[in-house]
Amino acid sequence: MSRKLLIDTDTASDDAVALLMALRHPDVDVVAITVVSGNVPLQQGVINALVTAELCDSEVPVYAGAGNPLLREPAYAEWFHGPDGMGDQNYPPPKRAAESTHAVDAIIDTLDNVADIEVVTLGPLTNLALALKLKPSLAEKVKKCYIMGGAPCTIGNVTPAAEFNIWVDPEAAQIVFQSGMTIEMVGWHLCRGEANLRPDDIDLVRSFDTPYAHFTIDCNHTAMEANRIQSGEIGIPLPDPTTMAIVLDPSICTERSNHHVQIETQSELTRGMTVVDQLNVFDDERNRDVWSPGGVNGPEITICWKFDVKRWKALLYRLLQ
Ligand SMILES: [Ca+2]
């Protein structure tokens, strides 16, 4: 039986590849794509999600959601993905439009009614937080929620402390992380270094000569240049696709552990930091009031620390051919 996924995305170039992977995977049924403001303004993200679905001959419903974070001003990452989020490839406009239902209503309906639903979030957590605020019991309906976000090793890509998705809407992230949903957090660190698509990998992907392969490289060309400037790495960073690889084959994650996690919402210096209690200091009486005033610590979150780079790329390549 196919696994059922709901994917929430701020669709830009790496989201598009992650969507493509899920839509082309034979054992997965993507029941809904919900779009949130993040990498690009909401309506651009909707267009990018529809363009990607069309490339995959998929009729998956696409829903537009929150155009702003819960409390903060919107922040975009066009400098990284290009003004259209897709490396300015001038893709023709999609033939389909988004559904008329709001993404938050679609999330509530899907989580309530689709058995064994799994959720994958590839953007800021605004849509999911709004759904949980309206219906907290949804947390128990989700078999598992995979979150691309956070910087458990404290190497951020917006600030030294924070990864983009969590930084954009930290209040939403805190709501989701404290909701009791079964969560696996796949941080930004995994997509770095050897996990980038290196020039040799890019040549290999081009050699597949499929629309999916060319799309993957073309729409990420701005991201490759931005990555070189930001981190000095030569290659395409693919945070959302690395997360999707772990969703599609959880054994690709080779080291994971469970910890209490809090999201920083008060400080400007560390806004959106994913504070992971790796040594479980909360369990020590001496630390409890210091770490968590009031003694409330929330549920444990599974953190993925390491993954198998060869197997991540092998899975990607299989889905691009
Ligand atoms: Ca994303």
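User: What phi does G232 take, just after α11?
Analyst: A positive one, of about 75 degrees. This is a predicted model, where local features need pLDDT of at least 70, side-chain atom pairs count only at pLDDT 80 or more, and totals for chains, interfaces and linings use all residues. Residues are numbered from 1 along each chain as its sequence is written.

User: What makes a stretch a helix or a strand here?
Analyst: Both are DSSP runs, numbered from the N terminus: H or I over at least four residues for a helix, E over at least two for a strand. Helix α11 covers residues 221-231.

User: Which residues of α11 are buried, and what do they pack against?
Analyst: T222, A223, M224 and N227 are buried. That label needs 20 or more other C-beta atoms within 10 Å of the residue's own; 12 or fewer means exposed, anything between is partly exposed, and C-beta atoms are placed from the backbone. The buried residues of α11 pack against α1 and α3 (78-81).

User: Why does P136 count as exposed?
Analyst: P136 has 12 C-beta neighbours inside 10 Å, so it falls in the exposed class. Its place is the loop between α5 (126-134) and α6 (138-141). M181 is 45 residues away along the chain, and the C-alpha atoms of P136 and M181 are separated by 9.7 Å.

User: Why are α1 and α12 called roughly parallel?
Analyst: Take the angle. Helix α1 (residues 13-24) and helix α12 (residues 239-248) pack at about 20 degrees, with axes 7 Å apart. Axes are lines fitted to C-alpha atoms, for helices over the stretch in contact, and angles run from 0 to 180 degrees between N-to-C directions. Under 35 degrees counts as roughly parallel, over 145 as roughly antiparallel, 65 to 115 as roughly perpendicular, the rest as oblique. Therefore α1 and α12 are roughly parallel.

User: Which hand does the crossing of α1 and α12 have, and which residues meet?
Analyst: The crossing is right-handed: the near helix is turned clockwise from the far one by less than a right angle, where anticlockwise would be left-handed. D14, D15, V17, A18, M21 and A22 in α1 meet P239, D240, P241, T243, M244 and L248 in α12. Contact requires C-beta atoms, placed from the backbone, within 7 Å. By class, this contact has eight nonpolar, one polar and three charged residues. Nonpolar covers Ala, Val, Leu, Ile, Met, Phe, Trp, Tyr, Cys and Pro; charged covers Asp, Glu, Lys and Arg; the others, Gly among them, are polar.

User: How do α9 and α10 cross?
Analyst: Helix α9 (residues 199-208) and helix α10 (residues 211-218) cross at roughly 145 degrees, their axes coming within 7 Å. The crossing is left-handed. I202, V205, R206 and F208 of α9 make the contact with A213, T216 and I217 of α10. Those residues divide into five nonpolar, one polar and one charged.

User: What makes β1 and β4 a pair?
Analyst: Two strands pair if DSSP finds at least two bridges between them. Strand β1 (residues 3-9) and strand β4 (residues 118-121) have four, in the parallel sense. L5 stands opposite E118 in β4. Four bridges also join β4 to β5 (residues 144-148), again parallel, with C145 the bridge partner of V119.

User: Why is the pairing in the nine-stranded sheet called mixed?
Analyst: Strands of a sheet pair through backbone hydrogen bonds, either parallel or antiparallel. Here β6 (residues 183-186) runs parallel to β9, over three bridges. Seven bridges join β7 (residues 253-263) to β9 (residues 300-307), and these two run antiparallel. C253 stands opposite F307 in β9. Three bridges join β7 to β8 (residues 274-276), also antiparallel. The open sheet has the order β3-β2-β1-β4-β5-β6-β9-β7-β8.

User: What makes β3 and β8 edge strands?
Analyst: Each has a single partner strand, so one side of each is left without a neighbour in the sheet. From one strand to the next, the twist averages 30 degrees.

User: Which strands does α2 touch, and where does α4 lie?
Analyst: Helix α2 (residues 42-55) touches β1, β2 (28-35) and β3, its direction making about 180 degrees with that of β3. Helix α4 (residues 103-113) lies across β1, β2 and β3, at about 150 degrees to β2.

Methods
Contact = placed C-beta atoms within 7 Å.
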